[in-house]
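Trainee: I am new to this structure, and I would like to learn how its descriptive terms are justified. Could we look at it together?

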Amino acid sequence: MNLYRKIVLGFVAIITFLGGAPLAATPPDKALETSVEKRLKRMTLEEKIGQMTELSIDVLGEWKEGEFFLDREKLHNAIARYKVGSILNAPGPVAQSREKWQELIGMIQEVSMKEIGIPCIYGLDQNHGTTYTLEGTLFPQNINLGASFNTQLVYDAAKVTAYETRAANCPWTYSPTVDMARDPRWSRVWESYGEDCLVNAIMGSQAVRGFQGEDPNRIPIDRIGTSVKHYMGYSQARTGKDRTPAYISEAELREKCFAPFKACVEAGALTVMVNSGSINGVPVHASYELLTKWLKEDLNWDGMLITDWADINNLYTREHVAANKKEAIKIAINAGIDMAMEPYELDFCTLLKELVEEGEVAMSRIDDAARRVLRLKYRLGLFDNPNTFTQDYPAFASQMSAELAVRAAEESQILLKNNNQILPLKRGVKILVTGPNANSMRCLNGGWSYSWQGHLTDRYTSEYNTIFEAVRNKFGNENVLLEQGVTYVSEGNYYEENAPEIENAVSQAQQVDVIIACIGENSYCETPGNLSDLAISTNQSDLVKALAATGKPIILILNGGRPRIINKIEPLAEAVINVLLPGNYGGDALANILAGDANPSAKMPYTYPRNQAELTTYDYRVSEEMDKMEGAYDYDAVISVQWPFGYGQSYTTFNYDNLSCSKVDFNAMDELVCSVDVTNTGTVIGKEVVMLFSRDLVASLTPENRRLRAFKKIELQPGETQTVVLPIKASDLAFVGADGKWILEKGGFRIQIGTQFIEVNCNTTYQWQTPNK
């Protein structure tokens, strides 16, 4: 036996758990399944394949004088001849009014019900509210909701989004995104809930319940189906660039990447969208192991798997695992794909029919895929109600929804620095608002906002307040100046900046008491958001340095979808707030925080790097430790970062005391109930995220520094103490070993909540023989 193996494995019997067949992720509904089977038996091969096909709306119409219209002949051809079962995307893609959506989707359903008797399912990326529905509510992006650590906010935002999406006659969204944001270079960091698998699992499953309701077999008329994405490992490309290969051990795939998707499926997710890239050289769209075995069989999941945009084509055009499109279709369908987001061509239908007739794709596989599509449509009630109507949703864009969006933005902006309690600002103070992000709604919302790249946002958001406008409203016109110094190219690429006018900002700074410098990124999405340099732009860095030279205190506002390196300018600021992408009400929320009308309570959802060549995550393995971490929060770590995962300040202070655990010695099937007293020791009401971390002290694989196992957000009045109880399963402390099996090893674990530590002990080593514990 290798010496690095945990000694106990050599001398203590390992108890194994064989388990049985997994329970169905969603218990089947007998009546619904009977309807599905009756319908399936009446369908031709062409009809079944058509149900497996999804087209973009752009190929079914044309623009006339700035408005999109469906072409009835093209629509009839797609549905009557090819039996297409799904349409997606906004025309353009640009957001449309509820009335326009009623016209477009209503016409599609009219043709579909008349020609094939099966409703179409329409899908939209409603990723942080009603992305593609004008006048609806836009919430903070998922990265903000992750930073809030408030699970109720996630549920409530998803519920409102579902309601407002149904008001536009759409029953399905490609959301939530639960890819872990573990590489700050990635262009979709902001679409996830952060770097931790538990946070993504909890927040993702809450979003699923908010979108769909509590019964996956019967989605209410005010809820919508979800498509959890992007299954899996998508965010961990070696290059950090979108849709490029990832190389991930099986242990990490199982233990971390799979966990959020498993949680969402167990919460009832109706569909899952597949990773566009490859893992260890195997395109995920071609992986029978990951698609069919891990997801469908191991979880006993009867939902539907959909490709991402044109990803069957990519099997031969980019990945080169197929010689042509026909072979690519064969590989993907046999791997477990149920619906192809084609999205432009109808030859998928013809080629797949040929493959079935040639015996290359079994009829049973076609039946399985078509059954899953039909089941989705029955679960959504589309056979009974193909359309939903605007007048039945009077609470669209209600005041309550706006207040929820403000609260979500307030709870998701992170106070990272507050020297000498410069914040909150006193009334009457003279303020300069500067920087490229100071006066832009596009910057506050990010991508998936009215358009794919979010570049058109300012056309549609005149009723909302930019950071400058919100600060002016809060502190008074006479007290607030705007001189940006650096600006972005209007509706340009995210990295494009105009020639700087830094001297103008420096001149205006002479007239004020404090400078609010708003820096970061412009909006982007997916591959167009790729970068080669994580540093903040030279223009923005020069702006902050020049302003600092005036001697006026600087409050640095970070506004962007991912962290950008600011180690040269962070020391120049007296305060730092990371607002991330807080949505249409983000400026108002920030003004409330600056004025002390809201108390910041968010925590970092990812590790903010200090240096370009030191990229890590909070759960690094202990052998990665190099130098002592600086900063206010020292979680016993010795990795140098700008700000660690879980860090965030408040206008009040909290004290932790009396940590205890119900079992100091435990076995694998036990529950550990941890409790700790948390006291608000400051003078204002505040919310605190109470986090429980564990560390395996000695293990057969090099242990991780620590892992988040539970969290709870609480609110405390000044002087109030609350005993917070955080139960975890002992099996939560298990890990996936080098052999790909879950194991909980005998020995000590350290539990940490806040500043409190306790050690507990596992009595016996346990190993699971099932894929999932």
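Trainee: Why is Cys170 called buried or exposed, whichever applies?

Mentor: Cys170 has a relative accessible area of 0%, and a residue counts as buried under 20%, as exposed over 50% and as partly exposed in between, with a 1.4 Å probe and protein chains only, so Cys170 is buried. Please keep in mind that this is a predicted model, in which local features need pLDDT of at least 70, side-chain atom pairs count only at pLDDT 80 or more, and totals for chains, interfaces and linings use all residues. Residues are numbered from 1 along each chain as its sequence is written, and side-chain values use heavy atoms, with hydrogens and water left out.

Trainee: How do you know whether Cys661 is bonded to Cys674 or too far from it?

Mentor: A disulfide is a pair of cysteine sulfur atoms within 2.5 Å, whereas the sulfur of Cys661 lies 3.8 Å from that of Cys674, its closest cysteine sulfur, and is therefore too far for a bond. Cys661 is also buried, because its relative accessible area is 13%. The structure as a whole holds zero disulfides; Cys170 is in none, and the nearest cysteine sulfur to it, that of Cys120, is 9.8 Å away.

Trainee: What makes β5 and β6 a pair of strands?

Mentor: Strands are DSSP runs of E with at least two residues, helices are runs of H or I with at least four, and both are numbered from the N terminus. Two strands pair if DSSP finds at least two bridges between them; β5 (residues 86-88) and β6 are joined by three and run parallel, with Ser86 having Ile121 of β6 as its bridge partner. Between these strands the chain passes through helix α5 (residues 98-115) in a right-handed β-α-β crossover, a term that applies if, with the strands pointing away from the viewer, the path from the first strand over the helix to the second runs clockwise.

Trainee: Which strand does β6 meet through two bridges?

Mentor: That strand is β7 (residues 172-173), which runs parallel to β6, and Gly123 stands opposite Trp172 there.

Trainee: What makes both faces of β6 count as covered?

Mentor: In β6 (residues 121-124), Ile121 and Gly123 on one side are buried, and so are Tyr122 and Leu124 on the other. By the cut-off already given for burial, both faces are covered.
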